[in-house]
Amino acid sequence: MKKLWVIGFSCLILGCKTSGGVSGSGASVYSNYQEDLLGVLPDFPDYRNSNSTADLEIISSSQAVDGQLSDLQKRTFEKNKSEAYFSGYTVLIYSGIDRNEAFKTRDDLAFYFPDINPEMQYQQPRYLVKVGQYAYKFEAQRVFSKVKSQFPTARIIQDRFQRKEYSSPVTTDQNAQGQN
């Protein structure tokens, strides 16, 4: 049993012995290393010297979608223009039932950040102090990060806004005049 322990211990010591195959250390070992990859790299022609406009032909495809995309863009724009509201994001600075605190928060916001125009709303039973109307959340993030230092309870919320360019459709229905 003792011999088995001695043999196992000697195998462990010999197995952990460092090899002396690499002489030197660090960058000096690889200072003369060179590798030639020219045989395996692809060969690309030089297009800088060629006349690029003379060689190109405009090819009309039967599957071109430019006209369809332009029509879709016009229809989407008209549809959006006809809707009274759009969904977006705003920065909520204050929300509570105390009217005086809401006015104080609005005044403090105007004092600390004169370039920001706060809007105050009353949705029964609470008062809201909001900043901005943004279509995307990352647009609201800039204002939010600015006001967060003075108003730690501020947050970005989803909201609906009335379009400025919206015009209500005019009805010409004769029956609608007498109705209330």
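**Sheet, core and aromatic rings**

Trainee: Let's start with the strands: which residue stands opposite Tyr89 in β3?

Mentor: Keep in mind that we're looking at a predicted model. Strand β1 covers residues 85-96, and it pairs with β3 (residues 126-134) in the antiparallel sense over 6 bridges. Go across to β3 from Tyr89 and you land on Tyr134.

Trainee: And in β4, what is the bridge partner of Thr90?

Mentor: β1 also pairs with β4 (residues 155-162), again antiparallel, and here 8 bridges join the two. For Thr90, the partner in β4 is Ile157.

Trainee: Okay, so what is the order of the strands in the open sheet?

Mentor: Build it up from the pairs. β2 pairs with β3 over 6 antiparallel bridges, with Pro118 opposite Val131 in β3. β3 goes with β1, and β1 with β4. That leaves β2 and β4 as the edge strands, each pairing on one side only, and the order reads β2-β3-β1-β4.

Trainee: By how much are neighbouring strands of this sheet turned against each other on average?

Mentor: The sheet has 4 strands with antiparallel pairing. Ignoring direction, the average turn between neighbours is 45°.

Trainee: Which helix lies across β1, β3 and β4?

Mentor: Two helices, α4 (99-112) and α5 (137-147), are among the elements that give two or more residues to the largest nonpolar core, along with β1 and β3. The one you want runs at about 15° to β1, and it's α5.

Trainee: How many residues are in that largest nonpolar core?

Mentor: Take Ile93 as a way in: leaving out residues up to four places away in sequence, it touches Leu109, Val131, Val147 and Phe151, among others. Those four and Ile93 itself are among the members that touch the most other members, as are Val91 and Val143. The core's full count is 18.

Trainee: On to the rings: what kind of aromatic pair do Phe111 and Tyr112 form?

Mentor: Both belong to one aromatic cluster with Phe151. Phe111 is exposed at 65% relative accessibility, while Tyr112 is partly exposed at 42%. Their centres are 5.4 Å apart with 65° between the planes, and over 60 degrees counts as edge-to-face.

Trainee: Then why isn't the Tyr122 and Tyr127 pair called edge-to-face or stacked?

Mentor: Tyr122 is partly exposed, at 48% relative accessible area, whereas Tyr127 is buried at 15%. The ring centres lie 4.7 Å apart, but the label comes from the planes: 45° is neither under 30 degrees nor over 60, so the pair is tilted.

How values were computed
Residues numbered from 1 in each chain as written. Predicted model: local features only at pLDDT ≥ 70, side-chain atom pairs only at ≥ 80, totals over all residues. Heavy atoms only, no water. Pairing = 2+ DSSP bridges. Core = buried A, V, L, I, M, F, W, Y, C linked by side-chain atoms within 4.5 Å. Buried < 20%, exposed > 50% of the residue type's maximum accessible area, 1.4 Å probe, protein only. Contact = heavy atoms within 4.5 Å. Phe/Tyr/Trp six-rings, centres within 6.5 Å; stacked < 30°, edge-to-face > 60°. Axes fitted to C-alpha atoms, helices over the stretch in contact; angles between N-to-C directions.
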